[in-house]
Amino acid sequence: MSFAGKYLLESHENFEAFMKAVGIPDELIQKGKDLKSISEIEETGDDFKVKVTTGSNVITNSFTIGKETELQTLTGDKVMVMVLRDGNKLKVSLKGIESVTELTDANTIVNTLTVGGIVYKRISKRM
């Protein structure tokens, strides 16, 4: 299955605790907790471009599976990482945050982010 497409965040679990754990200020957490983000994914072979728009905040990252690249984190930091593919999952470690993005069916993406035992789960549906 291809990740390519446009997805709308349907639900998320443990948002506030996770955002506090990664250092997002309380006022930004309160502003962001009810916003629905849109993820746009382009996939050409092992090359990906991912654009996530949440309100006025836009994060765009491009990467090739298995090659080191610079990605922007939720906090705006840029880090050198390698994204790996394991079947229908994309896995990456960003400054202590473990991220697994899984295509659970043709229309659903589940992104699970873990830091220090705190798990934040995002479920998005194809638009």
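Let us start with a term that will come up often: a residue is called buried when its relative accessible area is under 20%, exposed when it is over 50%, and partly exposed in between, using a 1.4 Å probe and protein chains only. What you see above is a predicted model, in which local features need pLDDT of at least 70 and side-chain atom pairs count only at pLDDT 80 or more, while totals for chains, interfaces and linings use all residues. Residues are numbered from 1 along each chain as its sequence is written, and side-chain values use heavy atoms, with hydrogens and water left out.

Now for the overall layout. The chain has two helices and eleven strands. Both kinds of element are DSSP runs numbered from the N terminus, with helices (H or I) having at least four residues and strands (E) at least two. Followed along the sequence, the pattern reads β-α-α-β-β-β-β-β-β-β-β-β-β. The radius of gyration of the chain is 14 Å, close to the 14 Å given by the globule rule for 127 residues, so the chain is as compact as a globular protein of that length. Here the radius is taken over C-alpha atoms, and the rule is 2.2 Å times the number of residues to the power 0.38. Along its principal axes, the C-alpha trace spans about 40 × 30 × 25 Å.

How much of the chain is buried? Buried residues account for 33% of the 127 residues. The chain exposes about 7,100 Å², and 50% of this is supplied by carbon and sulfur atoms; such areas come from the Shrake-Rupley method with a 1.4 Å probe, and for residues only the protein chains shown count as cover. Contacts (heavy atoms within 4.5 Å) also tell a story: among those between residues at least 6 apart in sequence, 39% join residues at least 24 apart.

A good place to begin a closer look is strand E1, residues 5-13, where you will find Leu8. Leu8 is partly exposed, because its relative accessibility is 28%. Beyond its neighbours within four places in sequence, Leu8 is in contact with Lys36, Ser37, Ile38, Ile123, Ser124, Lys125 and Met127. The C-alpha atoms of Leu8 and Thr73 are separated by 20 Å, with their places 65 residues apart along the chain. Further along, His12 also lies in strand E1, and at 23% relative accessibility it counts as partly exposed. Not counting residues up to four places away, His12 touches Lys33, Tyr120, Lys121 and Arg122.

Next comes Asn14, in the loop between E1 and helix H1 (15-21). Most residues other than glycine have a negative phi. Asn14, however, has a positive phi of about 70° although it is not a glycine. Its relative accessibility is 40%, so Asn14 counts as partly exposed. Another residue with a positive phi is Lys95, which is not a glycine either and has a value near 50°. Lys95 sits in the loop between strand E8 (89-94) and strand E9 (97-105), and at 56% relative accessibility Lys95 is exposed.

Moving into helix H1, we meet Phe15. Is Phe15 buried or exposed? With 13% relative accessibility, Phe15 counts as buried. Leaving aside neighbours within four places in sequence, Phe15 is in contact with Ile29, Gly32, Lys33 and Tyr120. Phe15 and Arg122 are 107 residues apart in sequence, yet 8.7 Å apart in space from C-alpha to C-alpha.

Arg122 leads us to the largest pocket. Rolling a probe the size of a water molecule over the atoms shows where empty space is left. On a 1 Å grid over the protein atoms alone, a pocket is an open set of points where a 1.4 Å probe fits, with protein on both sides within 12 Å along at least five of seven lines, and lining residues have an atom within 4 Å of a point. The largest pocket has a volume of about 1,200 Å³, meaning the space filled by probe spheres set on the points, which are joined across faces, edges and corners. Its lining comprises 43 residues, of which Val52, Thr54, Ile59, Leu74 and Arg122 lie nearest the centre.Finally, Thr69 is found in strand E5 (residues 68-72), and Thr69 is buried, with a relative accessible area of 17%.
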